Amino acid sequence: MDKYKIGIIGCGYVGLITGVCFAELGNKVICHDIDKEKIVKLKQGIVPFFELGLAKMFTKNKNRLSFTISVEEVIENSDYIFICVGSPSRNNGEADTTSLFRVIDQINSYVKTYKMIIIKSTVPVGTAKKVKELLKEKIEQDLIEVISNPEFLREGNAIYDFMNPDRIVIGADSFKKAKNVARLYQTFSCPILLVSNEDAELIKYASNNFLAMKISFINEIANICERVGADISKVSYGIGLDHRIGNNYLQAGLGFGGPCLTKDLKAMIAFCKRVITYEPHLLKAVLKVNELQPELVIKKVKEVLGNLEGKRIGILGLSFKPGTDDMRNAPALKLITSLVKEGTELIAYDPKANKVAKELLKDQIEFAKEPYQVSYQSYALIIVTEWKEFLDLDYEKIKSYMIKPILVDGRNMFDNDRIQKLKKMGFQYFGVGRNL
Ligand code: UGA
């Protein structure tokens, strides 16, 4: 028997994963999106993006899932309504909550019986309060509760992360209301935090900002390592053994990318400045370090090759991390834009993201069909995304194709043994924060 009736508004990454996982937990789920084509595809059983394990789980639970372009239908057929619409960056860095408030307007006109409205979208602190003001009448009639329930999924690990959460955060203005939503997650053994809406909204931003801070921190230490003859992989391991610090998110490289860490950092900085008139010095520095990181790699290439004008350079990896074709805020974009400005001829290969990258970069660079092609007549290769398969390429063959055998490992994916082998072959190897 189905447990609860759940509605999902917004079938993007977070929405669809949430919907499919709730169906897997035995709930009846109705999902909405304004994109008609997407809904037609979903009705035909076609998942619109790749995420490990999603298509299989979708098929397994298709009898518990339905799709619609009508918000009214979602409201009629569910008790718990999750809002999972996007909150993209505006030009000034602020989170754009237009889609969320459009949905709230519709909810205001359609709700006639008791519903829990649950905000899963990442939204600035104070958004739930504004939503409550807009829905005031319905709240006073005891027809609506407004809950904040942020998500902490990582792309590429989303199904695992949903099913094995470190914590569930539920923000509401009373313990009773929060408990009502907590029951949806009762199968999980993790802590369930019942907090205020503001606490929940801030926990989401602070978590992503903290992860970004760890990455910029280790990148700064890596830059120091290069100047003092230390090795960042040893330093990072040594730091992380302190259980108060931990080893995660201490991998130095070209910096963080993706749809969330940068967007949420910029949104928090803009929020501090514009809404609460507070200067977020540390958060600004986290962003600055990240913006500069690709430039430092280019500087390294210039130190070895001199003027880059007219020189051909191969790029291995384009997506913001392995396991996805997502190019949003990918460090590859910054790196490529700067190298193109230097007059470099670029050729790139990515196992999954070539097509998406081509749409973004058009004919600014050449795209290779297979990884070896990026080495033909190249003066250097730069690894931008740490796809495992790059470790197992035939580097003898690669060297024979290159004008200069220079390998810049922008993700420190090669361990010491592999680096020694490369060096024996005659490669010049450069990592980030390594003096090998
Ligand atoms: C991030 C958070 O990790 C999730 O908890 C959060 O739910 C999600 O944003 C979101 O708000 O939706 P995601 O963007 O999928 O998840 O990516 P991550 O796996 O966190 O990686 C982000 C970037 O940091 C990547 O470019 C990665 O290469 C880089 N990174 C990560 C490093 O440079 N070093 C590290 O040690 C770890």
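**Figure 1. Domain 1 and domain 2 in the predicted model.** The centres of domain 1 and domain 2, taken over C-alpha atoms, are separated by 38 Å. The domain assignment of the protein chain places domain 1 at residues 5–195, while domain 2 is made of two segments, 230–250 and 292–430. Where the domains touch, four residues of domain 1 are in contact with five residues of domain 2. On the domain 1 side of this contact there are two nonpolar residues, one polar residue and one charged residue.

**Figure 2. The largest nonpolar core.** This core has 120 residues, and Ile83 and Ile315 are those with the most contacts inside it. Helix H10 gives the largest share of the core, ten residues. The core lies between domain 1 (5–195) and domain 2 (230–250 + 292–430), because both domains give residues to it.

**Figure 3. Surroundings of isoleucine 315.** Neighbours within four places in sequence are left aside in this view. The residues then in contact with isoleucine 315 are Ala332, Ile336, Leu346, Ala348, Val374, Ile382 and Val384. Ile315 is also one of the two residues named for the most contacts inside the largest nonpolar core.

**Figure 4. The segment 314–416.** An unreviewed UniProt entry lists residues 314–416 as "domain: UDP-glucose/GDP-mannose dehydrogenase C-terminal". In the model, the chain over these residues is 26% helix and 17% strand. The C-alpha atoms at the two ends of the segment are 23 Å apart.

**Figure 5. The shell around the ligand.** There are 20 residues around the ligand, and those that come nearest are Glu155, Gln251, Phe256, Gly258 and Cys260. By class, the shell has ten nonpolar, six polar and four charged residues. Helix H10 (residues 197–228) supplies the largest share of the shell, three residues. Domain 1 (5–195) and domain 2 (230–250 + 292–430) each contribute at least three residues to the shell.

**Figure 6. Cysteine 260.** The unreviewed UniProt entry lists Cys260 under "active site". Cysteine 260 lies in the loop that runs between helix H11 (232–240) and helix H12 (261–274). Within 10 Å there are 23 other C-beta atoms, and the cut-off for a buried residue is 20 or more, so cysteine 260 counts as buried. Cys260 is also among the residues that come nearest to the ligand, together with Glu155, Gln251, Phe256 and Gly258.

How values were computed. Residues numbered from 1 in each chain as written. Predicted model: local features only at pLDDT ≥ 70, side-chain atom pairs only at ≥ 80, totals over all residues. Near = placed C-beta within 6 Å. Helix = DSSP H or I, 4+ residues; strand = E, 2+ residues; numbered from the N terminus. Nonpolar A, V, L, I, M, F, W, Y, C, P; charged D, E, K, R; others polar. Domains from an automatic or database assignment. Contact = placed C-beta atoms within 7 Å. UniProt positions renumbered as here; feature names shortened; annotations may be inferred. Buried ≥ 20, exposed ≤ 12 C-beta atoms within 10 Å, placed from the backbone. Core = buried A, V, L, I, M, F, W, Y, C linked by C-beta atoms within 7 Å.
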